[in-house]
Amino acid sequence: MSITDYILIFSIVFVMFNGILVSVLAVIYGERKVLARLQQRIGPSRTGPWGILQTLADAVKLVLKEDIRPQNSDRIIFYLAPLIIFTPIFMLWVVLPFGSGLVLGDIDLGLFYVSALLGLSVVGMVAAGWSSNSKYAMLGSARSAAQLISYELPLILSILSVGLFAQLFTDNPFNLSNIVHAQSGLPFIFVMPLAFILFLIGGLAETARIPFDIPHADEEIVGGAFVEYSGIRWGAFQLSEYTGLITMAFLASILFLGGWSGPFSDKFVWLQPFYISMKTGFIILLAFWIRAPLPRLRIDQLMAFAWKVIIPISFANFILVSLVVFMGDRINLPIYQIQLILGCLNLVSMIALGYLITARRKKRLAVYRERWGEK
Amino acid sequence: MFTALFLFFLWRPISLGTTTGLFTALKHAFRRPVTLQYPTEQPLLAPRFMAHPVLTWDFEVDEPYCTGCLICMKICPTDVITVSMKDNEKFASEESKRRKIVDDFKLDVADCIMCGLCVDYCNFDAIVMSDHFDASVDNRSNLVHDLQTLLEEGKGQQEKGRWSPPATKKSQRRSAAQAKTPDPSSSDETKEQPSEEK
Amino acid sequence: METKATVIRDENSETAELRINMGPQHPATHGVFRMVLTLDGERVVTVEPHIGYLHRGSEKLTEGENFQQITTLFDRLDYISNFNNEWVYVRAVERAMEVEIPERAEFIRIILGELNRIASHFLFYGTYGLDIGAMNPVMIGFRERERIQALFEGVSGARMMHNYFRVGGVKEDLPEGFVPAVYALLEHLKKGYEDARDILTESEIFIERTAGIGALDPEKTLDYGVTGPVLRAAGVDYDIRKADPYSMYSDIDFSVPLGSHGDCYDRYMVRMLEIEQSIKIIEQCVKKLPDGPIQGKVSRILRPPEGDFFVHGENPRGDLGVYLVSSGGTVRPYRLKIRGPSFSNLMALKSMMEGAYLADSTVILGSLDIVLGEVDR
Amino acid sequence: MSTDNFNQYTTEEFEAATRAVLGNIKVTVEPNFGELGVVCDRSDIVSICKILKQDTDISMEYLRSISVVDWVEHMEVVYHLSSIRHMNRIVIKVVVPIEDLKIDSVITVWSGADWHEREGHDLFGVEFVGHPDMSPLILYEGFEGFPGRKSFEIPVQETFYGD
């Protein structure tokens, strides 16, 4: 490689890195603003016009803050943990396509790469919690280890079902760009809404957002694994949290919402990043909305939900998709028919599940109705 | 057709508890915020609002109403008032009816709990609760208000009309046990009640 | 559902119990309360409450204050329900001095006291939502409480530390336009109550988190001297407004919501339904509000006769009792003991929390709705 | 638990019933400002409390508070009891001599006596014999003196105004 290549790579990485940082600032600002509106407040309004510089001001404050390390903490791991948690999330962005051809590394096993890196952040969490020499941090890291590992399964299973289905369209179904190309006709959300919902739930849990924010649980263990961190190291954790959220939303829009494709996206290439960021933004907004009124689950309920509800459904969904794809391929059905069959099966199973869950929810609600309902 | 199907099959699972909460939150997003942007928007204080007490000025005789009778000092639950009295020079020249007048008056706002007992118990209506709520200073010793400061603040309060002249108020208190106080503390809903819907 | 579960251990593995210190600086301990939890994984094995961080010696201070000045101390006991505190204190002195209180003053006291109860319960709603992790409730709770406080400011001049109730009546008459303002406020409160209910009451996650958690049976609640909504959630019909009616409560039509299981969910529901009942009481009182004097005949210097008097009233948190010992003819009480409801309610914490999850510890503590100003005094 | 099934006593009836229940024990039973006052010896306090709680006619199941009053020559421990079924109230007053500030703990009767007794020990130095844990509740460990007592001087603290 010549020197110009290095400069090119460096400048691309520089631009992407800073682009992600800026978008994290924007997402944090957006979260504060949206949450404020959902709570009938105004939100940040003083720093800059409409307070848009608020997160920047916070970031500057974090940089200027004293970097404190607890006395008996493990020095090396304590300093390493933010990096461990920080790096894999950013490495994900290598394979995420912003448009047709607009991707750093268009590797064939993109889906595997993504699922491998998604599992890495738990190492950083455990490292941070263990090295802090704080009981709260240790509880938090234990919680996040349990939660992240449990919810990885449904997440990866739903990702794989997308890969399975994309097999019908392309030879390289695990390439993210190919997956997007496969959705130029019909986004996968209409074909397999079940997988989409599973992905959303898994993604919310992976990014530890309400109602699954048990690893942080401000009211119980005051922030979890990174209680003892301060200044920019704490900022690194926060940064990777929100980058994780953006990544999840981005992945969801690539895997299920058709990525960059949209009206006229073939004609005007500049529309493609716009479309994909719109879709990402929509999913992020959804996460904000869910955050506002919902209480947090308890750890045992969360685990029960993962292992008793979500993971069986994910397996069933995976088997359903693979069966339909396999059979459809075998009897040479046209793709639209396979899509129709899978969509209908998904809808039916969703309705069935809906009723099952309703029965379960009613059992919960019966507590209210029996005790306090109208007599 | 699809909508009908959707409603028929999916509405029931959706319309339960948690979802109601989600939609309630969404409803709030379209209401006017209840925030009061404090330094730019000043709160509307009630006429009865109580910040620390200040002393009033008798413009007719050009002297304070306070005679330094010490009752506020005695009734103060946190002992923040220190008063001393002196002979009134204007009484000798028959300008004033007050035989004694306040000599020194110290109020420690840092410890004042704004209970209003001193105003209640003052026999000469010489003390009044101000509406000076943002009393922060950069040094605690600045929170000890002396006679001059209190009188100046009191004059400001009198100009704002937060205080009625003693003749009426004194008789009011006398008859307080019998009659309803006609103190025109007009609107009580002082904080604005923002209309809920957008 | 079952909180008291046995912990299954692998005999070969070595486990250690973890002692963590929750508080006095912890976001969910509602003030400067501290508890030392011994954890087995996520389970709480023992809990050791520590109080006293906010001890200001209120009882001792009263011995050096005049009877008029003590009201200010009572404002600062349970700083969420100030009117109710003042009320119990002035009733104690009135009981000692046998003062007749004019009817208008009584109605003013009931209206303000019940409004304060609503404010307190809304605050509970907000903080309880936050304890469980929901963010919206706290804004709704504070929004409605703010409205009530704005009305209080118009009446007494202060938003929290009112010092408005006097022995024999109230400080000054209600401001003009109070009645329409109360009606407008009640309309807002009803709407706010509906918002509050929609977000938490029927939410499955909320029910999942609270139902069956921290249950106390009636015998145990009484054994610990627990009162207020926590007692009524256990199904014991004991509301001092009904059981030992004071003021004009015997003339007012209202019901006492009762729970059946005594768990956190019932406590929440009892408080929420009490908001409804309080609104009902206020509506009746505003309708009945007579004209007339607001201050009974009391001398300016209060000298209760010799004797000891125990007066209690139904605070939002329970049974606030004031034990007033007067040595006769003095302007200061000889001894004044305050029996705070939160103080007794907190004693039951141990039996509720042991065996529960760590995450439940804040839920249980929140459901007691303690105010440390009253626990430590 | 409701009040319907139980008799509502008048004051006199209740006084008589209490007297009858406490038949063997040497006590003075007389009205005390709207409540029923029982003055007893300090050695009898636990047995009296047990009887009052367990007797179905009295059933003082709710201990409202335990107060200590410092009368300089002696201390007085005052128990306020209440019955939720009957809505009756009893005040038990026990004199404890200043030389020997000891009284039996009633924690075996009501668990709710726990912190009240610890508080009494903290502020007045009354020792409740039989209480499992008499460590300071409200005051910090190592606090000198008993701040509830009349003899305790509140230390005067000068307000600090900085420069």
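What radius of gyration would a compact globule with 375 residues have, and what does chain A have? For 375 residues the expected value is near 21 Å, and chain A has 22 Å, which agrees; the radius is taken over C-alpha atoms, and the globule rule is 2.2 Å times the number of residues to the power 0.38. This is a predicted model, in which local features need pLDDT of at least 70 and side-chain atom pairs count only at pLDDT 80 or more, while totals for chains, interfaces and linings use all residues. Residues are numbered from 1 along each chain as its sequence is written, and chains are lettered from A and ligands numbered from 1 in the order in which they are written.

The C-alpha trace of chain A spans about 75 × 65 × 40 Å along its principal axes. Chain A has 14 helices and 0 strands, where helices (H or I, at least four residues) and strands (E, at least two) are DSSP runs numbered from the N terminus. Of its 375 residues, 46% count as buried, that is, with 20 or more other C-beta atoms within 10 Å of their own, the C-beta atoms being placed from the backbone. Among contacts in chain A (C-beta atoms within 7 Å) between residues at least 6 apart in sequence, 77% join residues at least 24 apart.

A helix pair in chain A deserves a look. The axes of α5(A), residues 121-131, and α6(A), residues 135-166, come within 7 Å and cross at roughly 165 degrees; axes are lines fitted to C-alpha atoms over the stretch in contact, with angles from 0 to 180 degrees between N-to-C directions. The crossing angle makes α5(A) roughly antiparallel to α6(A), a label for angles over 145 degrees. Residues in this contact include Met125(A) and Trp130(A) of α5(A), and Leu148(A) and Ile149(A) of α6(A). By class, the contact has 11 nonpolar, 5 polar and no charged residues; Ala, Val, Leu, Ile, Met, Phe, Trp, Tyr, Cys and Pro count as nonpolar, Asp, Glu, Lys and Arg as charged, and the others as polar.

Chain C offers another pair. Helices α6(C), residues 178-201, and α11(C), residues 264-288, pack at about 165 degrees with their axes 11 Å apart, and are therefore roughly antiparallel to each other. Among the residues in contact are Lys190(C) and Arg197(C) of α6(C) and Glu283(C) of α11(C). This contact divides into 10 nonpolar, 1 polar and 3 charged residues.

Between chains, the most contacts among the 5 touching pairs are between chains B and C. Chains A and D do not touch, their nearest C-alpha atoms being 17 Å apart.

Methods: Parallel < 35°, antiparallel > 145°, perpendicular 65-115°, else oblique. Contact = placed C-beta atoms within 7 Å. Buried ≥ 20, exposed ≤ 12 C-beta atoms within 10 Å, placed from the backbone.
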